[in-house]
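Colleague: I'm new to reading protein models. Could you walk me through one, feature by feature?

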Amino acid sequence: MGHGTVTTGKFPLGHHWGTPNQQLEAGKMGMWLFLATEVLIFGGLFCAYIVYRNLHPEVYVTAHHYLDTTMGAINTVVLLTSSLTVALAIRAAQVNDQKWLKLHLIITIVCAGAFLVIKYLEYSHKFHIGLLPGEYFTASSVNIPNPDQVQLFFGIYFLMTGLHGIHVVIGMIILGCMLYRSVRGDFGPHYFEPIELSGLYWHLVDLIWIFLFPLLYLIH
Amino acid sequence: MGDSNATYLNATKGLKSWLVTIDHKRIGLMYLASVLFFFLAGGTFAILFRTELFTAKGDLFSADTYNSFFTLHGVIMVFLVIIPSVPAALGNFVLPLMLGAKDVAFPKLNLLSLYIYWTGSIIALCTIIFGHVDTGWTFYTPYSSNQGSSVVWMTFAAFVLGFSSILTGMNFVVTVHKLRAPGMTWFRMPLFVWGIYATSIIQVMATPVLGITLLLLIMENMVGIGIFNPNLGGDPVLFQHFFWFYSHPAVYIMILPGMAVQSELIAVFSQKKIFGYKFIAFSSLAIALISFIVWGHHMFVSGQSELIAMIFSFLTFLVAIPSGVKVFNWLYTLRHGSIRLNTPMIWALNFMVLFTIGGLTGLHLGTMSVDVHLHDTYFVVAHFHYVMMGGTLMTFMGGIYYWWPKITGKMYNEKWGRIAAAGVGVSFMVTFLPQFIMGAQGMPRRYYQYIEQYEKFHQMSTIGAYMLGAFFTMGAVVLVMSLRGSNFALDNPWNARTLEWTHTATPPVEHNFIGQPVVMYGPYDYDAPESSDTLESLAVRDGQTSETA
């Protein structure tokens, strides 16, 4: 039904809302609930991680040496930067700085892309030497003691970083939409809710990586 | 007011107007139709395998077919019927009306959740038709981790359905927080809303864990990551932990909405203020909270430590407290009430008896030593059905009969409705009471043939299942006939005090209310005058008083 929204000035108010503020608050609350479900989804994986680290601590210590800490660290910096720029984009929308709104969104998307490229390099290296999960683990050339269980670590590694990577891709799509809408001139001091909500999502993607990086790459 | 004859049903016409609607009432109705369709399918599977169990020998179909039939019955009934039954079907229709809102908080998300539900259902249906799933609805590893593509697809269907459930839950939580009408304080909300609110919280908090569990199972099947595979260093019991971390709260996702409907039915058909409103409201939240910390009672014999098992056993007993609080409050509401035995009330009384039996037998199973004897027997099957079917489905039916006049504008035949409801109650007892007895005597669940000793119990149970089929069919016919009849319903045929009866037309108009309703009384204040205040009418009245002053 096309008549679902009523336009009042620049703010598209849904037919069932009394005031724009009510709608804004509801949108934010919905987003926070969604983020809670995301945390719980990753929570399951973190839980699996903890269980197996307790069962096989030595495997984790051995296996993590095969992750590239430098690339992981660069990716951490890249994502943190993108989190900053998305926050600045929201700020730019609030003060009606259309030029920097677009620029900050572009920088954020570029950072997300850079993250994925680095991740791709890491993945392809592991594919190459056979550090793969479960049955596909063929890294006979790599001298790892206790290889029976090392594959478990890589199973968890690929699941966690893979699921996170999917979130990065989704984030790029969302931010791309925001960029398109910014170019169209949808946002300004009176209406920046979608950018703010996308920003919240992006911060979560960043936050999850901040947990993944030390847990996977920096084990002692 | 424009066209005063326009209801939500005929405001716009054509198939497309339904498929792209964002009206919560239409979405609820489409959920209702889908759920009832799957109820028929799940029930048919039950009747088929009950027929097989009529004799001790396995003679009607093969053991594999039997296994896949009980799996399909379980998966369909849990994921496609009970979980969306009250919240998605009735809740979508009623919850915004009860709050005095024009729609749910995110109407488009609501429509999306329906489409996700349909997608999940279609995947499940295709797997049923083209595949072979015989893991039971619990998908336990290690058996399920090497069963190939059918299990993957069925799990994927459950995964997709989970998202639908999450979106509905999020929508309702935000709606309750942000869209209450002026004057609708938290403690003026009908208890139905409290129950659905508690359910939604569990849906949002527990379903993601099921999502990741099923994803891990899919990965296990497809690339053999080994997380649940002992050969690769994994642990199959971890799957049980993950699964029950969701699925135990999920049984409360299933029963809390039943309790929510029950509170409405008991109060309205006793024409009396409900006893202990706040206790009922908070007991829903208490059940929601406790539900997250009892999952271990499904695993008393799966090799968890004795200490952990004792803690889980103790926590499990705690659930009985809020459930007991509710039952006693409902009973006390009946006392000195003007009880009217309309069809919805018969369903509610069914619930009262059956749920109490189901709840109390839950304590047997929560007691560790007793559970060692009873686990994986028909006692568990009977307990589960008393709570899920005797509890949730009875009130689901009760809710359909209660809101039917509001939804359709038509009144059904009370006499036949009552017979159907009472008939289902009696047949239910015939079906499941023998299962308690044979379970206690040691009949294991999920067996396709069994020793002669249990034959008479199984035969009674099968006859009961046929009776259930017949009376449910009768109940459906009563409703369908009412659509063809011309017995139009009044706006408030039950003399209820909640907004969907007092402030809307029958059936409601497209945007629910004409003007914004204002709530002056509690949901069960039968002493208060039947109010029809709206912001506009109040403004007029205030205007007049200021003129006269």
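Modeller: Sure, let's begin with contacts along chain A. Of the contacts in chain A with a separation of 6 or more, 71% join residues 24 or more positions apart. Keep in mind that this is a predicted model.

Colleague: Which elements make up chain A, and in what order do they run from the N terminus?

Modeller: Chain A has two strands and six helices. Starting at the N terminus, the order is β-β-α-α-α-α-α-α. As for burial, 35% of the 220 residues in chain A are buried.

Colleague: What is the mean pLDDT of chain A?

Modeller: The pLDDT tells you the predictor's confidence in each residue, from 0 to 100. For chain A the mean is 86, and 90% of the residues reach 70 or more. Residues 1-9 of chain A, though, have a pLDDT below 50. That stretch still has 15 contacts in the model beyond near neighbours in sequence.

Colleague: Now the two chains together. How many residues does each chain bring to the contact?

Modeller: Chain B brings 34 residues and chain A brings 30. On the side of chain B that touches chain A, helices H5 (149-178), H6 (191-223) and H7 (236-270) each supply at least two residues. H6(B) gives the most, with nine residues. Sorted by class, that side of chain B has 22 nonpolar, nine polar and three charged residues.

Colleague: How do I read two helices that pack together? At what angle do H3 and H12 of chain B cross?

Modeller: You compare the directions of their axes. H3 (residues 63-99) and H12 (residues 378-408) of chain B have axes that come within 10 Å and cross at roughly 25°. Angles under 35 degrees count as roughly parallel, so H3(B) is roughly parallel to H12(B). The crossing is left-handed. Among the residues making this contact are Ile82(B), Leu90(B) and Phe93(B) from H3(B), and Met388(B), Phe396(B) and Trp403(B) from H12(B). By class, the contact has 10 nonpolar, three polar and no charged residues.

Colleague: Let's finish with a single residue. Is Trp501(B) buried or exposed?

Modeller: You count its neighbours. A residue is buried if 20 or more other C-beta atoms lie within 10 Å of its own. Trp501(B) counts as buried because it has 23 C-beta neighbours inside 10 Å.

Colleague: Where does Trp501(B) sit, and which residues is it in contact with, leaving aside its neighbours within four places in sequence?

Modeller: Trp501(B) is in helix H15 (residues 499-502) of chain B. With those sequence neighbours left aside, Trp501(B) is in contact with Lys406(B), Asn492(B), Trp494(B) and Ala496(B).

Notes:
Residues numbered from 1 in each chain as written. Chains lettered and ligands numbered in written order. Predicted model: local features only at pLDDT ≥ 70, side-chain atom pairs only at ≥ 80, totals over all residues. Axes fitted to C-alpha atoms, helices over the stretch in contact; angles between N-to-C directions. Helix = DSSP H or I, 4+ residues; strand = E, 2+ residues; numbered from the N terminus. Parallel < 35°, antiparallel > 145°, perpendicular 65-115°, else oblique. Left-handed = near helix turned anticlockwise from the far one by under 90°. Contact = placed C-beta atoms within 7 Å. Nonpolar A, V, L, I, M, F, W, Y, C, P; charged D, E, K, R; others polar. Buried ≥ 20, exposed ≤ 12 C-beta atoms within 10 Å, placed from the backbone.
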